[in-house]
Amino acid sequence: MNKHTEVLFKETQRFRQWWIWLLLAIAILPTWGIAFYQLVLGNKAGNRPAPDVVVLILWVGIGLIFPYFIYSVGLTVEVRSVGLFYRFNPLHLTFRAIPFEQIATTEAVTYHPLMEYGGWGIRLGKSGLAYNVSGNRGVRVHLINGKQILFGSQKAEEFNRAIQAGKGL
């Protein structure tokens with residue numbers, strides 16, 4: 001592996017909180033029920049039933065594709081020998097990079113996802129941009145242009161040390 005692709009640290013996180021899956025189940029179960037009732041049992045659902053093709057499209061979209069999308073969402077961060085790389089799957093098709101030269105300082109932090117950023121995901125809050133999927137620990141990256149980006153991490157101290165090692169601090 002050459003110097004430019006050497007990975008010093010890697011972490012992948014996914015939305016796996018039980019309450020997210022409970023809310024998702026509550027949202028999609030009616031779609032499954034209606035699809036079963038109308039498409040499998042052959043009964044019409046409701047006073048003004050939708051055509052079978054519409055029920056099928058809704059079931060595939062809401063009952064299958066949407067849960068798969070939520071399952072596939074994840075944050076991957078890598079500290080490589082040339083900088084910090086991150087990808088919020090499936091929204092980022094490739095890794096985005098922050099070269100070490102653009103990083104002023106970093107710090108492992110405990111933060112309040114709801115209060116500071118309004119929740120989890122890709123969020124813009126009073127403290128800047130955040131990429132997080134769970135928990136309340138992360139690494140805040142202070143860029144030389146004055147902006148801040150928070151990356152949620154279950155291994156915040158190790159992640160922070162890897163960035164500082166990569167920068168040569």
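Let's start with one ion pair: the side chains of K44 and D52 meet in a salt bridge, with 3.2 Å from N to O. Keep in mind as you look that this is a predicted model. How accessible are the two partners? K44 has a relative accessibility of 47%, so it counts as partly exposed. D52, with a relative accessible area of 35%, is partly exposed as well.

D52 is a good place to step from the ion pairs to the helices, since this residue also belongs to the contact between α1 and α2. Helix α1 spans residues 18-40 and helix α2 spans residues 52-72. Their axes lie 9 Å apart and make an angle of about 155°. Angles over 145 degrees count as roughly antiparallel, and α1 and α2 are therefore roughly antiparallel to each other. The crossing of α1 and α2 is left-handed.

Which residues make the contact between these helices? On the α1 side they are I20, W21, L24, I28, T31, W32, I34, A35, Q38 and L39. Helix α2 contributes D52, V55, L56, L58, W59, I62, G63, L64, F66, P67, I70 and Y71. Sorted by character, the residues of this contact comprise 18 nonpolar, 3 polar and 1 charged.

Now back to the charged side chains. Side chains of opposite charge can pair when their charged atoms come close. How many salt bridges does the model hold? The count comes to 5. One of them joins the side chains of E78 and K10, at 3.6 Å from N to O. This pair links distant parts of the chain, as E78 sits in strand β2 (residues 74-80) and K10 in strand β1 (residues 7-14), 68 residues apart. Is E78 buried or exposed? Its relative accessible area is 6%, and a residue under 20% counts as buried, so E78 is buried. The pairing extends further here: K10, E78 and R80 are linked in a network of salt bridges.

A last stop is the salt bridge between the side chains of R140 and E116, with 3.2 Å from N to O. Here too, distant parts of the chain are linked: R140 lies in strand β8 (residues 137-143) and E116 in helix α3 (residues 113-117), 24 residues apart. R140 has 11% relative accessibility and therefore counts as buried. E116 is buried too, with a relative accessible area of 15%. If you have the model open, set this pair beside K44 and D52: R140 is buried and E116 is buried, whereas K44 is partly exposed and D52 is partly exposed.

Notes. Residues numbered from 1 in each chain as written. Predicted model: local features only at pLDDT ≥ 70, side-chain atom pairs only at ≥ 80, totals over all residues. Heavy atoms only, no water. Axes fitted to C-alpha atoms, helices over the stretch in contact; angles between N-to-C directions. Helix = DSSP H or I, 4+ residues; strand = E, 2+ residues; numbered from the N terminus. Parallel < 35°, antiparallel > 145°, perpendicular 65-115°, else oblique. Left-handed = near helix turned anticlockwise from the far one by under 90°. Contact = heavy atoms within 4.5 Å. Nonpolar A, V, L, I, M, F, W, Y, C, P; charged D, E, K, R; others polar. Salt bridge = Lys/Arg side-chain N within 4 Å of Asp/Glu carboxyl O. Buried < 20%, exposed > 50% of the residue type's maximum accessible area, 1.4 Å probe, protein only.
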